[in-house]
Amino acid sequence: MRLTFLGAAGTVTGSKYLLEHGGRRVLVDCGLFQGLKQLRLRNWDAFPLPARQVDAVVLTHAHIDHSGYLPALAKQGFHGPVFATDATRDLCELLLPDSGHLQEEDAEYANRHGFSKHHPALPLYTEADGRRALRLFRTHEWGEPFEPIAGVRMRFSRAGHILGASSVHVAWDGGSLLFSGDLGREQDLLMLPPEPPPAADHIVLESTYGDRTHEEEDPETELGEVIRRTSARGGIVVVPAFAVGRAQALMYLIARLKQAQRIPDLPVFLNSPMAADATEIFHRHHGEHRLDAAECRRMCEAARIVNSVEESQSLNALRSPAVIISASGMATGGRVVHHLKAMAPDRRNTILLAGYQAAGTRGASIAGGAREVKIHGEHVPVRAEVVMLGAMSAHADRGELLRWVGKLPRPPRQLFITHGEPVAADSLRQAIEEAHGWPCMVPEHRQAVDL
Ligand SMILES: [Zn+2]
């Protein structure tokens, strides 16, 4: 069995792991690179082998940095099955066409305003490409075995990160391998905790927060204070949020805060039709999260859904206290970018960052205290208050990653630390080596190992 790291090696995005066995090939995750320009440019590189030579794809979860390259792979000739859980498929049905749509919109905006270096700017793939890729899906529940290529048996288990998110256990004659996928929290607001890992010879472990511990602070109290403080000075809270996962957690908390009258009854806008649909998907997968039907309904009703572009633009003219939740989560694109352009220069407003901000994204610049950010070719001053809600992360922190891996029923022969910036990955590598003495390595982009 040969494993090649085609993404998420030394970085948090672009997850893609190629497995080759008996002349067949399966790709575990098929994500887009995001963040730094040199990473984003990788999305445009030709796939390292002819796409039609990939026999199958297996997705750990629906986030675009794990699924968003699929339409591009299909465009290049991949036509095999895509294995995923039911909820992952449901979410991809929203996310993949939307990802194509955003790319078309960005290309069109760049052409209209002439700030692209490419003429004309082109999308990597379109909404129609995103929709076409959905036909390839085959779903399996957690624990149900499937064989994506001959001689390689796989099974999903719950990873607790977002709806449908899974770890993937891989077994073949002579060995086994476990992909952690993105791991969720032990105590999440919405999601159930990750299942303990099954035994495997080799482990591919994520390390998004490999060097950090989330604050113990209660996110409900913290969010309530931010909203109260901002509305007291007449400002607006703008929240860039992943449409799937954090947007729902925020709405759930806002619903509770309003019900307990801990915040004023101010208007809350969910400016992402997709986030609204994702909220509906919570209703469809009741066994996978902590909310009962009534809580789900309250969460759905916590915000006014903004559908049209006109309505979205009209939010930028708001002059009274409100909360605007909008994608994308790292402020790299989507409607939230327009809100930031309008809201960031005003000191009364607050920019609330509720999820991981990958290096090179606008979100990371704002989190790092940048006094201005570049939006659509313009320098926009950041005078608004900036708050990070670490306690709202959908990712396990360092301690949780260590505890998860510590539950392995037997010592693995080798661990590969991926899906983290270099410092986070290396810090987790050291911690695991110290705690258990297991051999760990942080693979490099396109490195191949024989298992
Ligand atoms: Zn994720």
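Angles of 65 to 115 degrees between helix axes count as roughly perpendicular, and in this predicted model the axes of helix 7 and helix 9 (residues 293–301) cross at roughly 95 degrees, so helix 7 and helix 9 are roughly perpendicular to each other. Besides this helix packing, the briefing covers a zinc site whose donors are His61, His63, His161 and Asp182, an open sheet of six strands with parallel pairing, antiparallel pairing among strands 7, 8 and 9, and the surroundings of lysine 75.

**Zinc site**

- The zinc ion is held by NE2 of His61, ND1 of His63, NE2 of His161 and OD of Asp182, with distances of 2.2 to 2.6 Å, and along the chain these donors follow the spacing H-x1-H-x97-H-x20-D.
- Histidine 61 belongs to the loop between strand 4 (56–58) and helix 2 (64–67), while aspartate 182 belongs to the loop between strand 10 (175–179) and strand 11 (202–206), so the pair ties together parts that are 121 residues apart in sequence.
- The arrangement of the four donor atoms is irregular because the angles they subtend around the zinc ion run from 88 to 174 degrees, whereas a tetrahedral assignment would require all angles to lie between 85 and 135 degrees.
- Histidine 61 and aspartate 182 are both buried.

**Antiparallel strands 7, 8 and 9**

- Strand 7 (residues 146–149) pairs with strand 8 (residues 152–158) in the antiparallel sense over two bridges, and phenylalanine 146 stands opposite methionine 154 of strand 8.
- The hairpin of strand 7 and strand 8 has two residues between the strands, and in this hairpin glycine 151 adopts a positive phi near 85 degrees.
- Strand 8 is also joined to strand 9 (residues 166–172), with which it runs antiparallel, by six bridges, and here methionine 154 stands opposite valine 170 of strand 9.

**Parallel sheet and helix 11**

- The six strands of the open sheet follow the order 14-13-15-12-16-19, with parallel pairing, and the edges are formed by strand 14 (304–305) and strand 19 (385–388), each of which pairs on one side only.
- Strand 16 (residues 350–353) is linked to strand 19 in the parallel sense by four bridges, and the bridge partner of threonine 350 in strand 19 is glutamate 385.
- Helix 11 (residues 335–343) lies across strand 12 (236–240), strand 13 (268–271), strand 15 (322–326) and strand 16, and runs at about 145 degrees to strand 12.

**Packing around helix 7**

- The axes of helix 7 and helix 9 come within 8 Å, and the contact involves Gln248, Met251, Tyr252, Ala255 and Gln259 of helix 7 together with Glu295, Arg298, Met299 and Cys300 of helix 9.
- The axes of helix 7 (residues 246–259) and helix 8 (residues 273–284) come within 9 Å and cross at roughly 75 degrees, which means that helix 7 is roughly perpendicular to helix 8.
- Where helix 7 meets helix 8, Ala247, Gln248 and Met251 of helix 7 face Ala275, Ala278, Thr279 and Phe282 of helix 8 in contact.

**Lysine 75**

- Lysine 75 is part of helix 3 (residues 70–75) and is exposed, with a relative accessible area of 51%.
- Apart from its neighbours within four places in sequence, lysine 75 contacts Leu124, Tyr125 and Asp129, and its C-alpha atom is separated by 9.3 Å from that of arginine 132, which is 57 residues away along the chain.

Conventions. Residues are numbered from 1 along each chain as its sequence is written. This is a predicted model: local features need pLDDT of at least 70, side-chain atom pairs count only at pLDDT 80 or more; totals for chains, interfaces and linings use all residues. Side-chain values use heavy atoms; hydrogens and water are left out. Donors are N, O and S atoms within 2.8 Å of the metal (3.2 Å for Na, K and Ca); water is not among the atoms, so sites may look incomplete. Four donors count as tetrahedral if all angles lie between 85 and 135 degrees; four count as square planar and six as octahedral if opposite donors are over 155 degrees apart and all others between 65 and 115; anything else is irregular. Buried means under 20% relative accessible area, exposed over 50%, partly exposed in between (1.4 Å probe, protein chains only). Two strands pair if DSSP finds at least two bridges between them. Axes are lines fitted to C-alpha atoms, for helices over the stretch in contact, and angles run from 0 to 180 degrees between N-to-C directions. Angles under 35 degrees count as roughly parallel, over 145 as roughly antiparallel, 65 to 115 as roughly perpendicular and the rest as oblique. Contact means heavy atoms within 4.5 Å.
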